[in-house]
Amino acid sequence: MQVVPTSVSAAMRPRLSLAAIGFALIGLGASVASLVDYVGTAPTFCAETGCATVRESVWAHPLGIPMPVIGVAFYLAALTLGFVDAPRLRRVLALAGAAWAVFLIVLQGFVIGAWCKLCLIADPAAIGYAVTVLAGAAALRFTPLRGLVTLPALLATVGLLGLWTGNFPAAGAHGVEPAPVASSEGTPAFVAQAQVPGTATVVEVVDFECPFCRRMQDRLASAIAQVRNPVRVVRKMLPLKIHPHAMPAALAYCCADAQGKGDAMAAALFAAQPDDLTPEGCEEIAARVGCDLERYRRDLPQAEARVAAEMKEVRAAGVHSLPTLFIGHEQIVGASKSTEELTALLDHAEVSP
């Protein structure tokens, strides 16, 4: 009676071993993709705001080391131990990796308040690896064929992750927009319609709580101050669900903009602490910039309709990452542009026909 479970266990062990290596490959692919985004000038794989928020958090570089480096090292060790007969070390590594993965998941959910797509692959992969190791995964015999298969499998994993994150190749890399929202030149209609001859026009897709929109706003304001010729800023609202105060701020901007105080309101909203962008806090800001509060409250339903329409408009145009802005007809995604680069783009937009 006791031989049967031993036989079943022996039959399952190779499958568990392959599953452990599979989890390690998936985790390594996600860690490599994440590291590319960490060290690159602009995200190659994951440009979503949640990914950017995690990358820019104080937790992203423990002891000055990019977090994905730890993941790469862990999964390389896991792959190596998949072919080395060291069961005790394998179990210790698996338990440590699973505990670290749980910590990172809790950290994103309850401390950072944002989710990175690649982390949501790498962290569960560590937990899956631990489950298979503790269930009995053992070392496989290393063969040249298994070694040759590992690299293509890793590259395929990275490629699939790039397709899944939706930023590989980067959206808009070829200047193509969906037909219903594009001008004849491939520019989104709301950008083309905003252009005014003789003026550098900036169309800014805005989430007033987004930390990266705020960073870009500081650089953009400095760049505009350095340009002598007139610059016109048009804002389109895209409050993200992960930012609880983004919608009240967007509504507040639209109400103020209806009174001709959009620029002042935008500056005040970006300057305010994110926690102050409650409906009551936004109303106080509106009062400070000189809004008629009775009209402000009366205009809220129209503001809701405007925000909904603009969100639909920019989403349909393929805008899924913030910050995104258009200087003239050129689209800029991410907060990597310096003040000098933005100034040069504004100068070019001024002389463009």
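**A nonpolar surface patch and a helix crossing**

In this predicted model, helices α3 (67-81) and α4 (87-112) each put at least two residues into a nonpolar patch. The patch lies on the surface and covers about 1200 Å². Its makeup is a mix of aliphatic and aromatic names: V58, W59, L63, I65, V69, I70, W100, V102, F103, V106, F110 and V111. Of the contributing elements, α4 gives the most, with six residues.

One patch member, W59, sits outside the helices, in the loop between α2 (49-55) and α3. How open is W59? Its relative accessible area comes to 38%, and since that value falls between the 20% and 50% cut-offs, W59 is classed as partly exposed.

Another loop residue worth a look is R141, placed between α5 (119-135) and α6 (144-165). R141 has a relative accessibility of 64%, so it counts as exposed, the bar for that being over 50%. Along the chain, R141 is 57 residues away from V84, yet the C-alpha atoms of R141 and V84 are 8.0 Å apart in space.

Further along the sequence, helix α9 (residues 246-258) meets helix α13 (residues 300-316), their axes coming within 9 Å and crossing at roughly 115°. That angle makes α9 roughly perpendicular to α13, because the perpendicular class runs from 65 to 115 degrees. As for handedness, α9 and α13 cross in a right-handed sense.

Methods
Residues numbered from 1 in each chain as written. Predicted model: local features only at pLDDT ≥ 70, side-chain atom pairs only at ≥ 80, totals over all residues. Heavy atoms only, no water. Patch = residues over 30% accessible without salt bridge, like charges linked within 9 Å, V, L, I, M, F, W, Y side chains within 5 Å. Areas by Shrake-Rupley, 256 points an atom, 1.4 Å probe, with all protein chains shown as cover. Salt bridge = Lys/Arg side-chain N within 4 Å of Asp/Glu carboxyl O. Helix = DSSP H or I, 4+ residues; strand = E, 2+ residues; numbered from the N terminus. Buried < 20%, exposed > 50% of the residue type's maximum accessible area, 1.4 Å probe, protein only. Axes fitted to C-alpha atoms, helices over the stretch in contact; angles between N-to-C directions. Parallel < 35°, antiparallel > 145°, perpendicular 65-115°, else oblique. Left-handed = near helix turned anticlockwise from the far one by under 90°.
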